[in-house]
Amino acid sequence: MEIKSSILLSLTFAGLSFALHAEEGPEQYCNSAIELYKEGDIDGALEEARWCVESLEQLAQAKQTELFSAEIDGWVRGKVNQQKAMGISTIDATYRKDDKSIQVELTGGAAGSMGAFAALSQLGMGQAGNKVRIQRYTAVVSESDNDIDLMIGLKQGGMLNFSSSTAGKDAVIAFAKAFPIKELDQ
């Protein structure tokens, strides 16, 4: 019995320690990186700096996710999904109105990869379609059968895509005009 209690107590403290560590924010990681650097622990400083950047990116993504409002111009949002792999993050959600839906996807990356990502988004802007101006951004609208795709290259790097197979071109453009693009691009 004593061994089981000891193990349970150890696991509880380990879980609490992990939870407390997971709740640390960028300030703690960034300060820790500076302290380790001052102490001459370059490897430790690099690891803490990575956690500092990761924490900041998570905060930025959370702020962007908040901009996927529950309702935009009569369109109601479903679940917001967030993913991150290899330094590239995506946030997507589907908005519905009557029997129509519009999928919105924001794709971006870490600050170091933004230059390359911006170049890729500009390549996409060369695709076939009609260029339109939305909130001082150039967008490309392409149609294929019943599919409408509207792509906007953001100034900070990344892409914002609106797509639908049930809403018409005019509805997708009107929705994009109501979406908080400028706020996402900050």
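# Surface, core and salt bridges

Tyr37 sits in helix α2, which covers residues 26-38. Helices (H or I, at least four residues) and strands (E, at least two) are DSSP runs, numbered from the N terminus. The model is predicted: local features need pLDDT of at least 70, side-chain atom pairs count only at pLDDT 80 or more, and totals for chains, interfaces and linings use all residues. Residues are numbered from 1 along each chain as its sequence is written, and side-chain values use heavy atoms, with hydrogens and water left out.

## Around helices α2 and α3

Tyr37 is exposed, at 56% relative accessibility. Here buried means under 20% relative accessible area, exposed means over 50%, and partly exposed lies in between (1.4 Å probe, protein chains only). The areas come from the Shrake-Rupley method with a 1.4 Å probe, and for residues only the protein chains shown count as cover.

Tyr37 joins Ile42 and Leu46 in a nonpolar surface patch of about 310 Å². Patches are made of residues with over 30% relative accessible area and no salt bridge; like charges are joined within 9 Å, and nonpolar side chains (Val, Leu, Ile, Met, Phe, Trp, Tyr) within 5 Å.

Helix α2 also holds Glu35. Glu35 is partly exposed, with a relative accessible area of 41%. It belongs to a patch of negative charge on the surface, together with Glu39, Asp41 and Asp43. Lys and Arg count as positive, Asp and Glu as negative; His and the chain ends are not counted. Each charge is placed at NZ of Lys, CZ of Arg, CG of Asp or CD of Glu.

Helix α3 spans residues 42-66 and contains Ala49. Ala49 is partly exposed, at 29% relative accessibility. Its C-alpha atom is 6.5 Å from that of Tyr29, although the two residues are 20 apart along the chain.

## Salt bridges

Side chains of opposite charge can pair when their charged atoms come close. A salt bridge is a side-chain nitrogen of Lys or Arg within 4 Å of a carboxyl oxygen of Asp or Glu. How many salt bridges does this rule give? The count is 3.

| Salt bridge | N to O distance |
|---|---|
| Glu47 and Arg50 | 3.7 Å |
| Lys100 and Asp99 | 3.6 Å |
| Glu143 and Lys169 | 3.8 Å |

Glu47 and Arg50 are 3 residues apart in helix α3, so about one helical turn separates them. Glu47 is partly exposed, with a relative accessible area of 37%.

In the second pair, Lys100 is partly exposed, at 34% relative accessibility. Its partner Asp99 is exposed, at 63%.

The third pair links two elements. Glu143 lies in strand β7 and Lys169 in helix α5, so the bridge ties together parts that are 26 residues apart in sequence. Glu143 is exposed, at 52% relative accessibility. Lys169 is partly exposed, with a relative accessible area of 24%.

## The nonpolar core

Which residues have the most contacts inside the largest nonpolar core? They are Leu150, Leu160, Phe162 and Phe179, in a core of 27 residues. Such a core is a set of buried Ala, Val, Leu, Ile, Met, Phe, Trp, Tyr and Cys residues joined through side-chain atoms within 4.5 Å. Several elements give two or more residues to this core: β4 (88-97), β5 (100-109), β7 (137-144), β8 (147-153), β9 (159-164), α5 (169-178) and α6. Helix α5 gives the largest share, 4 residues.

Strand β5 also holds Val104. Val104 is buried, at 0% relative accessibility. Val104 and Asn161 are 57 residues apart in sequence, yet their C-alpha atoms are 5.7 Å apart in space.

## Loops and a positive patch

Asp98 is found in the loop between β4 and β5. Its phi is near 55°, a positive value in a residue other than glycine. Asp98 is exposed, with a relative accessible area of 78%.

Arg136 is placed in the loop between β6 (130-134) and β7. Its phi is also positive, about 70°, although Arg136 is not a glycine. Arg136 is exposed, with a relative accessible area of 67%.

Arg136 also helps to form a positive surface patch, along with Arg133, Lys155 and Lys182. Lys182 comes from helix α6, residues 181-184. Lys182 is exposed, with a relative accessible area of 51%.
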